[in-house]
Amino acid sequence: MSEAGGGPGCGFPVPQRAPWSLVAATAALCLVSATSVWTAGAAPMSREEKQKLGNQVLEMFDHAYGNYMEHAYPADELMPLTCRGRVRGQEPSRGDVDDALGKFSLTLIDSLDTLVVLNKTKEFEDAVRKVLRDVNLDNDVVVSVFETNIRVLGGLLGGHSLAIMLKEKGEYMQWYNDELLQMAKQLGYKLLPAFNTTSGLPYPRINLKFGIRKPEARTGTETDTCTACAGTLILEFAALSRFTGATIFEEYARKALDFLWEKRQRSSNLVGVTINIHTGDWVRKDSGVGAGIDSYYEYLLKAYVLLGDDSFLERFNTHYDAIMRYISQPPLLLDVHIHKPMLNARTWMDALLAFFPGLQVLKGDIRPAIETHEMLYQVIKKHNFLPEAFTTDFRVHWAQHPLRPEFAESTYFLYKATGDPYYLEVGKTLIENLNKYARVPCGFAAMKDVRTGSHEDRMDSFFLAEMFKYLYLLFADKEDIIFDIEDYIFTTEAHLLPLWLSTTNQSMSKKNTTSEYTELDDSNFDWTCPNTQILFPNDPLYAQSIREPLKNVVDKSCPRGIIRVEESFRSGAKPPLRARDFMATNPEHLEILKKMGVSLIHLKDGRVQLVQHAIQAASSIDAEDGLRFMQEMIELSSQQQKEQQLPPRAVQIVSHPFFGRVVLTAGPAQFGLDLSKHKETRGFVASSKPYNGCSELTNPEAVMGKIALIQRGQCMFAEKARNIQNAGAIGGIVIDDNEGSSSDTAPLFQMAGDGKDTDDIKIPMLFLFSKEGSIILDAIREYEEVEVLLSDKAKDRDPEMENEEQPSSENDSQNQSAEQMTSISQEVDLIDQESLEESSLNSHPESLSPADTDNAASVSPSEQNSNPAENHETTSLDGECTDLDNQLQEQSETEEDSSPNVSWGKKVQPIDSILADWNEDIEAFEMMEKDEL
Ligand code: DMJ
């Protein structure tokens with residue numbers, strides 16, 4: 001495929017039943033670039049600058065791959081903070097995330113074809129030899145079928161595809177004799193027992209040695225899988241069949257896809273997130289384009305491209321139509337219910353959906369791709385990375401970021417489609433942020449919390465498989481790559497499969513699709529895609545003109561959540577009442593509630609309860625609005641509860657050779673200097689004697705003016721703090737005595753006081769779990785002088801930090817007036833007995849489900865702390881929308897006075913409600929991770 005523009009296929013109908021090779025090429029043409037015709041818009045980037053950035057990507061890859069090979073190989077992954085390999089069973093379990101690890105040198109296999117794309121042919125040759133020599137696929141370990149397929153089978157096939165390409169070129173890999181393919185086939189057979197279900201949907205996990213059925217397998221009792229898990233096999237399995245001639249793989253993957261298609265919700269044409277593999281019932285009926293579903297859609301379109309099978313395109317188009325009708329609310333993509341697709345299922349988006357603009361480019365739908373990508377980029381500019389989940393008003397919902405590549409992927413495809421140098425600048429920012437915030441001396445570490453800049457001891461294999469490939473390709477010219485990238489299709493893990501497979505060993509696909517041809521619905525058969533030749537030369541500012549209206553969507557405006565703003569304004573209708581805008585004393589609002597079938601009940605104890613009876617709504621549309629209002633109210637309050645918990649703190653090692661690159665997640669204390677309100681504290685660390693800090697220190701000279709390290713246990717945290725403070729310490733770090741504990745696996749907590757007045761404690765105190773603590777202890781052993789920064793958010797790791805002068809050793813806390821300290825301790829209020837009692841008297845709104853609300857569901861705003869005043873107080877933390885917030889604040893203060901019956905005002909929350917909420921969040925997140933990494 002040429003770089004020179006739209007190519008002959010785009011913009012013109014393609015005959016049905018076209019030869020597969022033509023169909024494959026035609027679909028792929030939809031992403032053909034306008035690079036060569038771009039003349040205006042963002043300032044063009046010079047060839048030198050592009051080369052410089054390309055070289056920077058190469059250096060970063062070397063840093064990641066080199067450290068993996070040196071310190072972790074043959075383990076599956078590198079742990080970049082502790083600089084060693086992650087071996088399953090030897091580290092505390094992280095739950096389902098570990099199911100990607102099969103003791104098969106995952107990162108090496110996932111990196112194979114990246115080496116060739118990055119022009120490291122020699123290293124590729126070495127890596128292939130290592131895989132053939134060292135990797136064992138017969139381990140007694142239970143792995144995820146989905147992850148093993150996309151990362152390992154895909155990695156082996158990508159490696160094979162490029163090995164044969166190199167061999168044919170005649171210089172490298174002359175010894176290669178399909179050995180990677182043989183391994184891939186062996187692995188393929190190991191995965192097949194997972195498909196032994198009546199539905200044909202695979203079990204989510206399999207034991208590599210014992211399969212599923214045998215008792216030793218320790219798996220096979222699962223009933224559910226995610227849609228993406230069952231629907232993301234066809235590219236690898238079909239490639240394996242076509243490379244080897246063993247048709248069984250393609251047959252199994254097709255059967256699973258056929259079943260999912262059959263089970264789509266027929267009126268909305270959407271699929272749910274999880275499905276019962278035996279009955280085919282939808283287990284989770286929410287539907288989006290992110291976690292749990294994403295690559296199912298991706299594989300339908302790409303299966304059409306790779307295999308030339310019309311039925312896949314028809315299915316994709318049908319789903320795409322539904323996605324654009326219900327889920328796409330430009331620039332947002334919001335989950336809905338498959339049965340009630342006009343109802344949003346969430347008010348937040350997950351980071352995995354960032355691949356979708358790239359898929360829209362492949363489909364040829366450029367405008368919404370540009371819009372969503374721009375929205376995502378603004379979220380990134382705000383938080384440096386895309387948080388795992390973020391709300392519709394762009395606040396952090398899940399603060400982690402495991403260096404996911406989806407946004408880089410979409411950036412690459414958008415650049416190919418538009419040729420707009422803006423996307424090169426976006427790529428440059430991604431590179432800068434990775435180096436500034438994620439780079440550590442031993443690789444790149446996932447972000448544990450994008451707000452604090454703290455790290456997780458984790459570098460996932462997809463970072464090497466995907467991120468470096470897309471970033472390198474973004475800046476590369478055709479001559480920088482030793483083969484023609486456009487002869488290949490990217491799998492979801494960015495492994496490369498050759499398009500010529502469409503004409504190889506195709507007999508079984510013909511056999512299976514004959515009946516489908518007769519059923520094709522031409523009315524929804526989108527054979528064409530926009531012709532970039534026409535789009536861009538006529539309007540070189542096309543992409544920019546789409547981005548322009550969204551310029552401030554994240555930073556300067558306060559989007560009103562899930563409202564379909566455009567639609568309602570266009571029709572002149574009033575937007576429905578949002579939970580966050582609701583005022584209990586606003587007569588207009590009360591009228592709207594009534595229309596929606598929601599009534600306000602004043603409880604005896606002065607609180608107010610909301611109840612919805614859908615049947616009492618004025619119309620079915622009002623009933624739907626009411627249901628959504630109730631859902632929003634629940635989400636809003638649970639979000640506020642989360643926000644009101646103390647966020648984690650950061651311990652950042654700033655001395656040589658770390659220079660701020662290692663950031664550890666720490667728990668705060670309910671006493672001492674509050675780092676969120678005061679300047680950070682910086683100092684050298686010293687261990688206290690006795691190490692538990694439970695009595696007067698015997699080494700005050702060692703801790704004087706320093707940050708004392710103390711071990712947890714044997715006395716109260718406050719007592720330790722007083723002892724080190726008396727010895728002259730300027731801060732303290734309590735390290736967990738529970739060996740192996742880590743904030744990766746245990747929830748952070750606040751160190752409580754001792755029940756007495758703790759105002760006398762002026763120094764900041766932070767808590768580290770044992771694993772994070774031992775990083776500091778190891779550093780002391782190695783470097784003696786170790787300086788750290790205690791703060792609420794890690795400081796930028798500019799190169800200047802290396803030269804930065806040490807600030808005055810004066811203790812910040814000692815400069816704080818007693819008055820200030822008192823006010824801090826008042827604000828960090830403990831949960832009171834009264835609120836504990838309240839919580840036990842009231843039902844938990846968490847149990848409220850959309851189905852429940854059809855009859856009568858209730859929620860107590862006061863129990864959930866959904867005071868409008870507080871709503872705005874908490875949602876304006878980022879300093880935006882201040883005027884509106886202030887207005888509302890004032891308004892609600894007046895309301896409180898005039899409306900004594902409405903007890904909105906409690907700041908404290910019942911502890912069991914916090915815990916229930918917290919647990920629910922953890923479960924939801926675990927479920928999300930389980931569904932898909
Ligand atoms: C990758 O393993 C694949 O892209 C997958 O489809 C989704 N998630 C990860 C990276 O985030």
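How do the residues of the shell around the ligand divide into nonpolar, polar and charged, and how many belong to which class? In this predicted model, the shell comprises 5 nonpolar, 1 polar and 5 charged residues. Among the 11 residues that surround the ligand, those that come nearest are Arg404, Glu406, Glu466, Thr492 and Glu493.

Three of these side chains place a polar atom beside an oxygen atom of the ligand. For Glu493, the separation between a polar side-chain atom and a ligand oxygen is 2.5 Å. The corresponding distance is 2.7 Å for Arg404, and a polar side-chain atom of Glu466 lies 2.9 Å from a ligand oxygen. The ligand taken alone would expose 290 Å², of which 99% is buried by the protein.

Nonpolar side chains tend to be buried together in soluble globular proteins. In the present model, the largest nonpolar core contains 182 residues. Within this core, the residues with the most contacts are Tyr297, Leu434, Phe444, Phe468 and Phe483. The greatest contribution to the core comes from helix α5, which spans residues 145-169 and supplies 11 residues. Apart from this core lies another, made up of 25 residues that include Val651, Ile653, Val662 and Val786.

The surroundings of Tyr297 were examined further. When residues up to four places away in sequence are not counted, Tyr297 touches Leu270, Val271, Ser287, Gly288 and Val289, together with Phe316, His319, Ile323 and Leu359.

Methods: Residues are numbered from 1 along each chain as its sequence is written. This is a predicted model: local features need pLDDT of at least 70, side-chain atom pairs count only at pLDDT 80 or more; totals for chains, interfaces and linings use all residues. Side-chain values use heavy atoms; hydrogens and water are left out. A nonpolar core is a set of buried Ala, Val, Leu, Ile, Met, Phe, Trp, Tyr and Cys residues joined through side-chain atoms within 4.5 Å. Buried means under 20% relative accessible area, exposed over 50%, partly exposed in between (1.4 Å probe, protein chains only). Helices (H or I, at least four residues) and strands (E, at least two) are DSSP runs, numbered from the N terminus. Contact means heavy atoms within 4.5 Å. A residue is near a molecule or strand if one of its heavy atoms lies within 4 Å of it. A polar contact is a pair of N or O atoms within 3.5 Å; within protein, one must be able to donate a hydrogen and the other to accept it, and residues adjacent in sequence count only if both atoms are side-chain atoms. Accessible areas come from the Shrake-Rupley method with a 1.4 Å probe; for residues, only the protein chains shown count as cover. Ala, Val, Leu, Ile, Met, Phe, Trp, Tyr, Cys and Pro count as nonpolar, Asp, Glu, Lys and Arg as charged, and the others, Gly among them, as polar.
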